[in-house]
Amino acid sequence: MIFVSYSWINNEPDMDVLNFVAYLRKKGFPATCDVMYMQEETAISFPKMMAQKLKEADKVIIILSKEYKEKADSFQGGVGAEYNYILSDIEKNIKKYILVTFDTDIQKVTPDFIKEREVVPLIKDVEQTYEKVFYKLQDKPEFIFPEISQSVSELKQKTVAYEEEINFSVAYESSHRTFEYKGESFELTEEDFLLIENFLSEDCFSHDDYNVPYRVDKFKSSFPEIRQVKVPIPSEMDR
């Protein structure tokens, strides 16, 4: 059973609320409100009826309005008693209470002690605005997310460039130069040596050691990427 709670206006039931209850029933939801129970008895006890229906209901829709907020904040009348009960029960039954309003200013109609809670805005005669309420009434999620995969995608790890000390030694043959790397000597071609020489000959270089990009893939297959290598300037160079 769905019980719709609200505040009367000028001692009369709110017709927007009664129309909303009728709309829910046409949509197949077992919605009820105080006026329906009043018609079943000639001298109904409002406090008893409200307390009973709040406890029995599977879902309670609370329609917020300026009148509801005024009575709730001051704990006046039936709304005040109902509000006090809701405050003590809403944390225990987290799927029972649904806050809605037909007012465009939600903050002005929300009682102080529930201001942090979600309120669904409704627009009269606009059915799309009621869909969120339908999801909550049926305990169905509005958005469906995929299940977590059992396998995690493999990632290609990237090697971070770092400095390696490379000692260049010059042999005075016209096209034969070598450098030492981790205790091993490797041959440089004239083209390779010119690449290094061009970096070292730049006017902007004024220190003893420089970081220059150098391709080591020609000399060592285990270092195929372009590295930033630390190159000390030889004391003499065959230019």
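This passage describes helix 3, the nonpolar cores, the aromatic pairs and the salt bridges of a predicted model.

Helix 3 spans residues 46–56. Its buried residues are Met49, Met50, Lys53 and Leu54. Seen down the helix axis, these residues fall within an arc of 125°, so they line one face of helix 3. An α-helix has 3.6 residues a turn, so residues three or four places apart point the same way. The face turned away from the buried side carries exposed residues: Pro47, Lys48 and Lys55. Several elements help to cover the buried residues of helix 3. Among them are strand 1 (2–5) and helix 2 (34–38). Strand 3 (59–64) and helix 5 (77–89) are also included in this cover.

The nonpolar cores come next. In soluble globular proteins, nonpolar side chains tend to be buried together. The largest nonpolar core of the model has 23 residues. Within this core, the residues with the most contacts are Val4, Leu24, Ile61, Ile63, Val100 and Leu137. At least two residues each are supplied by strand 1, helix 1, strand 3, strand 4 (97–101) and helix 7. Helix 1 gives the largest share, six residues. Leu137 illustrates the contacts made across the chain. Leaving aside neighbours within four places in sequence, Leu137 is in contact with Ile2, Leu24, Phe29, Lys59, Ile61 and Ile98. Another core, of 21 residues, lies apart from the largest one. Its members include Tyr37, Met49, Ala57 and Val60. Met49 is also one of the buried residues of helix 3.

Tyr37 also takes part in a polar contact. Its side chain is joined to that of Thr32 at 3.1 Å. Thr32 is found in strand 2. With a relative accessibility of 9%, Thr32 counts as buried, because the limit for that class is under 20%. Not counting residues up to four places away in sequence, Thr32 touches Met1, Ile2, Phe3, Val4, Val21, Arg25 and Tyr37. Val4 is one of the residues with the most contacts inside the largest core.

Aromatic rings were examined next. The count comes to nine aromatic pairs. A pair of aromatic rings is described by the distance of the centres and the angle of the planes. Phe20 and Phe102 form an edge-to-face pair, 6.0 Å centre to centre, with 85° between the planes. This pair links distant parts of the chain, 82 residues apart. Phe20 lies in helix 1. Phe102 lies in the loop between strand 4 and helix 6 (106–109). Phe20 is buried, at 3% relative accessibility. Ring pairs also build a cluster, made up of Phe20, Tyr23, Phe29, Phe102, Tyr130 and Phe134. Phe29 of this cluster is in contact with Leu137.

Charged side chains complete the picture. Side chains of opposite charge can pair when their charged atoms come close. The structure holds 11 salt bridges. One of them joins the side chains of Lys27 and Glu127, at 2.9 Å from N to O. Lys27 lies in the loop between helix 1 (15–26) and strand 2 (31–32), and Glu127 in the loop between strand 5 (120–121) and helix 7 (131–137), so the pair ties together parts that are 100 residues apart in sequence. Both ends are partly exposed: Lys27 has a relative accessibility of 40%, and Glu127 a relative accessible area of 38%.

A second salt bridge lies within one helix. The side chains of Lys69 and Asp73 meet at 2.8 Å, N to O. Both residues belong to helix 4 (residues 66–73). They are four residues apart, about one turn of the helix. Lys69 is buried, at 16% relative accessibility. Asp73 is partly exposed, at 28%. A network of salt bridges links these two residues with Asp112.

Lys132 forms a further salt bridge, with Glu142. The closest N and O atoms of this pair are 2.9 Å apart. Lys132 lies in helix 7 and Glu142 in the loop between helix 7 and strand 6 (167–169), so the bridge ties together parts that are 10 residues apart in sequence. Lys132 is partly exposed, with 32% relative accessibility. Glu142 is also partly exposed, with 36%.

Note on methods:
Residues numbered from 1 in each chain as written. Predicted model: local features only at pLDDT ≥ 70, side-chain atom pairs only at ≥ 80, totals over all residues. Heavy atoms only, no water. Buried < 20%, exposed > 50% of the residue type's maximum accessible area, 1.4 Å probe, protein only. Arc of directions from axis to C-beta. Contact = heavy atoms within 4.5 Å. Salt bridge = Lys/Arg side-chain N within 4 Å of Asp/Glu carboxyl O. Polar contact = N/O pair within 3.5 Å; in protein donor to acceptor, adjacent residues only side chain to side chain. Core = buried A, V, L, I, M, F, W, Y, C linked by side-chain atoms within 4.5 Å. Phe/Tyr/Trp six-rings, centres within 6.5 Å; stacked < 30°, edge-to-face > 60°.
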